[in-house]
Amino acid sequence: MRKNLISIFILIILFSCKEKSKQDLVKSQMTLTAERDSIKERFFPKNKIDYQKDTLIENLDLKISVTEKSLNTYVIDTFTSEGVKYIDKYRDTEFLLLIQKGKLKILDTSFKKDNFIDLAGKELIEYGNFTTYQLNNISESEIEFFGVINEPETDWSFPFYHKYDLKKNEFEIKEIDQN
């Protein structure tokens, strides 16, 4: 009889341990689900962009193409609001530039934010996005583009003019005074 009582006692202990481990497993799964639900990952823009703008200048026989292309790298901004952790991923961008005079390619190049590190600074290049590169002005001797590198969700930016001299076939960068 003593053996039976000991056996029953051992079974009760084992059974209670097994129930507790099931409860712990359910609690840990609920905690993981709650943690997963309290983290929101967002992408800006939501989908990758591959967008091209063409400009034709008939009197100069010029065709200027600027293509914006999303890369597989991101600038990441994290913050918590009302118990939810947000992870915002801002897609890095590359701009492809093609300038043609008639059927002749004058320039075929690309720009990433790293190309402007000397002027924008290492810190802005690390935390910023190359958000804008567009045609701004055209004359017989020069094509001017306007570009911006900025840190998302802040007013920290590096706006600049990027001038291409058609006679010398070279670029000049002019920082825009923000004061």
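This report describes the fold, core, largest pocket and selected residues of a predicted model of one protein chain.

## Overall architecture

The secondary structure of the protein chain consists of three helices and nine strands. In sequence order these elements give the pattern α-β-β-β-β-β-α-α-β-β-β-β. The protein chain has 179 residues, of which 28% count as buried. Its exposed surface is about 12,800 Å², and carbon and sulfur atoms supply 51% of that area. For contacts between residues at least 6 apart in sequence, 45% join residues at least 24 apart.

## Nonpolar core

In soluble globular proteins, nonpolar side chains tend to be buried together. The largest nonpolar core in this model has 23 residues, and the members that touch the most other members are Leu97, Ile99, Phe130, Tyr133, Phe145 and Ile149. At least two residues of this core come from each of strand 3, strand 4, strand 5 (104-111), helix 3 (122-127), strand 6 (129-138), strand 7 (142-150) and strand 8.

Tyr133 illustrates the packing. With neighbours within four places in sequence left aside, Tyr133 is in contact with Val66, Phe95, Leu97, Phe111, Phe145, Phe146, Gly147, Phe160, His162 and Phe171. Two of these partners, Leu97 and Phe145, are named with Tyr133 among the core members that touch the most others.

## Largest pocket

Rolling a probe the size of a water molecule over the atoms shows where empty space is left. The largest pocket has a volume of about 190 Å³. Strand 2, strand 3 and strand 6 are the elements that give two or more residues to its lining. Strand 6 makes the largest contribution, with five residues. The lining comprises Tyr51, Lys53, Thr55, Ile64, Val66, Glu68, Phe95, Thr131, Thr132, Tyr133, Gln134 and Leu135. Tyr133 therefore appears both in this lining and among the core residues named above.

## Buried residues of strands 4 and 8

The table lists four residues that count as buried, the cut-off being under 20% relative accessible area.

| Residue | Element | Relative accessible area |
|---|---|---|
| Val84 | strand 4 | 18% |
| Thr93 | strand 4 | 10% |
| Gln100 | strand 4 | 16% |
| Tyr164 | strand 8 | 1% |

Strand 4 spans residues 84-101. The contacts below leave out residues up to four places away in sequence. Val84 is in contact with Ser38, Lys40 and Phe79. The C-alpha atoms of Val84 and Lys40 are 7.1 Å apart, although 44 residues separate the two along the chain. Thr93 touches Glu68, Lys69, Leu71, Phe111, Lys112 and Phe130; one of these, Phe130, is named among the core residues that touch the most other members. Gln100 touches Asp61, Leu62, Lys63, Lys105 and Ile106.

In strand 8, Tyr164 touches Ile99, Ile106, Leu107, Ser141, Glu142, Ile143, Asn169, Glu170 and Phe171. Its C-alpha atom is separated by 8.6 Å from that of Ser141, 23 residues away along the chain. The side chains of Tyr164 and Asn169 are also joined by a polar contact of 3.2 Å.

## Backbone exceptions in loops

Most residues other than glycine have a negative phi, and most peptide bonds are trans. Three sites in this model depart from that pattern, as follows.

Phe44 and Pro45 are joined by a cis peptide bond with omega of about -15°. Pro45 lies in the loop between strand 1 (39-44) and strand 2 (50-57).

Glu82 is not a glycine, yet has a positive phi of about 50°. This residue sits in the loop between strand 3 (62-81) and strand 4. Glu82 counts as exposed because its relative accessible area is 82%, above the cut-off of over 50%.

Asn169 also has a positive phi, of about 55°, and is not a glycine. The loop that holds Asn169 runs between strand 8 (157-165) and strand 9 (170-175). At a relative accessible area of 46%, Asn169 is partly exposed. Its side chain is the one that makes the polar contact with the Tyr164 side chain, and Tyr164 itself is buried.

Conventions
Residues numbered from 1 in each chain as written. Predicted model: local features only at pLDDT ≥ 70, side-chain atom pairs only at ≥ 80, totals over all residues. Heavy atoms only, no water. Helix = DSSP H or I, 4+ residues; strand = E, 2+ residues; numbered from the N terminus. Buried < 20%, exposed > 50% of the residue type's maximum accessible area, 1.4 Å probe, protein only. Contact = heavy atoms within 4.5 Å. Core = buried A, V, L, I, M, F, W, Y, C linked by side-chain atoms within 4.5 Å. Areas by Shrake-Rupley, 256 points an atom, 1.4 Å probe, with all protein chains shown as cover. Polar contact = N/O pair within 3.5 Å; in protein donor to acceptor, adjacent residues only side chain to side chain. 1 Å grid on protein atoms, 1.4 Å probe; cavity = no way out; pocket = protein on both sides within 12 Å on 5 of 7 lines; lining within 4 Å. Points joined across faces, edges and corners; volume = space filled by probe spheres on them.
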